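Student: I have a protein model open and would like to understand how it is built. Can we go through it step by step?

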Amino acid sequence: MQYPTGAGQFTFIARKTIIRECEVYTESEKIRRQRGLILTLLRKKAPESEEIKALCDRYQAPVVDRFVVDQGKCILCGLCVKACGELSVGAISTVNRGVIKEIATPFHEPSSVCVGCGSCAYVCPTGAIEMEETESTRTIWGKTFSLIHCARCDKILGTREELETAARRAGREPEVLCEDCRRKQMAEVFRYKK
Ligand code: SF4
């Protein structure tokens with residue numbers, strides 16, 4: 001983002017405390033050009049990501065031959081590691097350094113602590129984490145989990161491990177109903193009481 005500093009510089013304004021009224025430009029010509037350049041580099045890093053391709057088109061990212069093209073879709077933003085650490089169990093991390101840095105489970109083996117919640121895949125901005133789902137299973141990071149369905153409407157609730165972990169943390173039994181059916185059930189109890 002850009003704000004008129006007088007020197008024509010860019011600033012990550014979201015990280016600054018606003019102490020007086022100011023104008024912030026998020027789509028100026030200069031910003032769009034800079035975004036295009038950053039996207040050029042991200043396309044080299046993750047040439048298979050449809051999301052990055054779409055952004056490159058939107059910001060008319062220049063095509064340059066200078067850099068070595070990487071493979072895959074990951075841009076190493078680290079959001080998946082953060083999401084797993086904060087929302088789930090910390091099953092993945094960045095491994096190696098420099099050009100061979102990547103996100104992985106320990107020793108590239110199916111993780112013993114991963115609960116298959118899918119938070120890492122949902123938060124990934126470039127669709128780099130593969131998650132496959134059938135009616136009864138979810139496969140992610142090389143591990144296949146059984147899916148539990150809502151006892152009333154059959155909607156997918158999550159994996160067995162995910163529900164058990166959430167229940168253990170909350171000190172209660174694992175959920176058997178989805179949020180809608182829970183609300184309906186509570187409303188029925190309330191109506192019956194009246
Ligand atoms: S699916 Fe596994 S690795 Fe991904 S956030 Fe959930 S626990 Fe972590």
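Tutor: Start with a term: domain bounds come from an automatic or database domain assignment. Keep in mind that this is a predicted model.

Student: Into which domains is the protein divided, and which residues does each hold?

Tutor: Read along the residue numbers. The protein splits into two stretches: domain 1 (1-73) and domain 2 (79-193).

Student: How many Å separate the centres of the two domains?

Tutor: Take the centre of each domain over its C-alpha atoms. Then compare domain 1 with domain 2: the separation is 32 Å.

Student: How many residues of each domain are in contact with the other?

Tutor: Look at both sides of the contact. On the side of domain 1 that touches domain 2 there are two nonpolar, two polar and three charged residues. The full count is seven residues of domain 1 against four residues of domain 2.

Student: What radius of gyration does the protein have, and what would a compact globule have?

Tutor: Begin with the extent of the C-alpha trace, about 70 × 45 × 25 Å along the principal axes. A compact globule of 194 residues would have a radius of gyration near 16 Å, but this protein has 22 Å.

Student: In what order do the helices and strands run?

Tutor: The protein has six helices and six strands. Go from the N terminus on, and the order is α-α-α-β-β-α-β-β-β-β-α-α.

Student: Are H1 and H2 roughly parallel or roughly antiparallel?

Tutor: Helix H1 covers residues 29-45 and helix H2 covers residues 50-58. They pack with axes 10 Å apart, at an angle of about 150°. Angles over 145 degrees count as roughly antiparallel. Therefore H1 and H2 are roughly antiparallel.

Student: Which residues make the contact between H1 and H2?

Tutor: The crossing of the two helices is left-handed. Five of the contact residues are nonpolar, none is polar and one is charged. From H1 come Leu 39, Leu 42 and Arg 43, and from H2 come Ile 52, Leu 55 and Cys 56.

Methods. Residues numbered from 1 in each chain as written. Predicted model: local features only at pLDDT ≥ 70, side-chain atom pairs only at ≥ 80, totals over all residues. Contact = placed C-beta atoms within 7 Å. Nonpolar A, V, L, I, M, F, W, Y, C, P; charged D, E, K, R; others polar. Axes fitted to C-alpha atoms, helices over the stretch in contact; angles between N-to-C directions. Helix = DSSP H or I, 4+ residues; strand = E, 2+ residues; numbered from the N terminus. Parallel < 35°, antiparallel > 145°, perpendicular 65-115°, else oblique. Left-handed = near helix turned anticlockwise from the far one by under 90°. Rg over C-alpha atoms; globule rule 2.2 N^0.38 Å.
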